[in-house]
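Visitor: Walk me through this one, please. Begin with the terms you use for a lining.

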Amino acid sequence: MTVYNFCAGPAMLPVEVMQKAQKEFLNWNNTGCSVMELSHRSSEFIAVYENAVTALKRLMSIPDDYSVLFMHGGGRGQFAAVAQNLMTDSEAQYFETGSWSSAAYSEASKFGLCSNQKVSELNELKQRYVRPFEKWNVQDNAAYVHYCPNETVDGIEIFDDPEFSVPVVADMSSTILSRRIDVTKYDVIYAGAQKNIGPSGLSLVIIKNELLERSRESIPSILNYKLTAEKESMFNTPPTYAIYLAGLVFDWLLEKGGVEPQETLNVQKAELLYKAIDESSLYSNNVAPQNRSRMNIPFFLADESLNSVFLNEAKDNGLLALKGHRMIGGMRASLYNAMPIEGVVALVKFMKEFEQKHA
Ligand code: PMP
């Protein structure tokens, strides 16, 4: 039976990448060693690292005045890093659209001056939507604006690139590489790797070089953007195997034509599932169409007593990890880049059969 893993993260990685890693596991590039065993200072590993950075720059068209950093500590590590590196005497403005932007604010508020503004509300159909950027109350002297373009738990996505006169910091953990973005509209983009990049623990930071000057020496070195950039992500021993896997994922995406064709596919995948949800009387999703996430699709069964039956039967059909986040309940299907359209077709077929059986 083919198994499809709909987990929000750690999530499916492309099969081809896993197969390549498996093939190279014990003997990478005729070194007689696993990549995992190579010194991070060796020319072999530096080539792996440089390949990953170059591939990402190509995929996202990252301009030369930005640095790409590989760091430790996942998405939450960056909640602290952003605040510690970028806060100034002016307020940092956090914009809340769901649980991850809210968590980022809670962490940042330990470190300095910041405020939180809720920018989502319900429309007349009781669907949640995000107010357009023009309606966000951004101060001209804000230290930076922080927001989360894709709320992994709530399934809320903001597709526009922002236009603000102050530095913009975006937590792209669950949307990076799923669609084209204009990097120049952002000053810092960060992401935990365990969705569209690679294994958990690794975090990726894309930062405009002029902002590196904000990093003070007094902050923990391991979180320091300037130091990390100067040392090319090798201030301490980086998560080498995770960087290697991320590089393989980037190469895989490039071989498939890059982000643009992947975006087309992601649109098709998401439309298939939302259509099935909207056409059914058992399932529902409560996000307004313009903000419906393509990566994380929460849905609820009208009869909640069927939840565990749904999950058990889904599992029997090879459809794994559909349980919604504990904070909001229901179900959630994550459709990252590695999820083939066949997985979504199988899910939709199962959902229809389940509805007929239990109607
Ligand atoms: N931000 C977002 C948008 C996330 O989805 C997650 C994890 N799901 C995090 C931050 C936290 O990441 P981590 O668990 O790697 O700290």
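Guide: Residues go into three classes: Ala, Val, Leu, Ile, Met, Phe, Trp, Tyr, Cys and Pro count as nonpolar, Asp, Glu, Lys and Arg as charged, and the others, Gly among them, as polar. The model is predicted, so local features need pLDDT of at least 70 and side-chain atom pairs pLDDT 80 or more, while totals for chains, interfaces and linings use all residues. Residues are numbered from 1 along each chain as its sequence is written, and side-chain values use heavy atoms, with hydrogens and water left out.

Visitor: How many cavities of 30 Å³ or more are there?

Guide: The count comes to two. A cavity here is a set of points on a 1 Å grid over the protein atoms alone where a 1.4 Å probe fits but cannot get out, and lining residues have an atom within 4 Å of a point. Points are joined across faces, edges and corners, and a volume is the space filled by probe spheres set on them.

Visitor: Which residues line the second largest cavity?

Guide: Its lining is made of Met12, Leu13, Pro14, Lys195, Asn196, Val249, Trp252, Asn337 and Ala338. By class that gives six nonpolar, two polar and one charged. The space in the second largest cavity is about 40 Å³.

Visitor: And how much space lies in the largest cavity?

Guide: About 80 Å³. Phe70, Met71, His72, Ser221 and Ile222 are among the residues lining the largest cavity. The lining has six nonpolar, five polar and no charged residues. Strand β2 gives the most to it, with three residues; helices (H or I, at least four residues) and strands (E, at least two) are DSSP runs, numbered from the N terminus.

Visitor: Now the pockets. What volume has the largest pocket?

Guide: The largest pocket comes to about 360 Å³. Its lining counts 22 residues, and Gly9, Trp100, Thr152, Gln194 and Lys195 are the closest to its centre. A pocket is an open set of points with protein on both sides within 12 Å along at least five of seven lines.

Visitor: Which helix gives the most to the lining of the largest pocket?

Guide: Helix α3, residues 74-86, with three residues. The lining of the largest pocket splits into six nonpolar, 10 polar and six charged residues.

Visitor: Same for the second largest pocket?

Guide: The second largest pocket holds about 280 Å³. Among its 15 lining residues, Arg128, Asp154, Ile156, Asn286 and Ile328 are the closest to the centre. Six of the lining residues are nonpolar, four polar and five charged. Strands β5 (120-122) and β14 (296-301) each supply at least two of them.

Visitor: Stay with β14. How many of its residues are buried?

Guide: Six of the six residues in β14 are buried, meaning under 20% relative accessible area with a 1.4 Å probe and protein chains only. Asn296, Pro298 and Phe300 lie on one side, and Ile297, Phe299 and Leu301 on the other.

Visitor: What does β14 pair with?

Guide: Strands pair if DSSP finds at least two bridges between them. β14 runs antiparallel to β13 (residues 283-284), with two bridges, and Tyr283 is opposite Leu301. β14 is also antiparallel to β16 (residues 331-334), with four bridges; there Ile297 faces Ala333.

Visitor: What about the open sheet: what order do its seven strands have?

Guide: β2-β12-β11-β10-β7-β3-β4, with mixed pairing. β2 (66-72) and β4 (114-118) are at the edges with a single partner strand each, so one side of each has no neighbour in the sheet. Inside the sheet, β11 (residues 188-192) and β12 (residues 202-208) are antiparallel with five bridges, and Ala191 has Leu204 as its bridge partner.

Visitor: Last topic: how many aromatic pairs does the structure hold?

Guide: It holds 19. Rings of Phe, Tyr and Trp (its six-membered ring) pair if their centres lie within 6.5 Å; planes under 30 degrees apart are stacked, over 60 edge-to-face, and the rest tilted. Phe133 and Trp136 have ring centres 4.8 Å apart and planes at 70°, so that pair is edge-to-face. Both residues are buried. Phe133 and Trp136 also belong to a cluster linked by ring pairs, with Phe95, Tyr147 and Phe164.

Visitor: And Phe310 with Phe350?

Guide: Their ring centres are 5.2 Å apart and the planes are at 65°, so this pair is edge-to-face. Phe310 lies in helix α8 (residues 307-316) and Phe350 in helix α9 (residues 341-358), so the pair ties together parts 40 residues apart in sequence. Phe310 has a relative accessible area of 0% and Phe350 one of 5%.

Technical notes:
Buried < 20%, exposed > 50% of the residue type's maximum accessible area, 1.4 Å probe, protein only.
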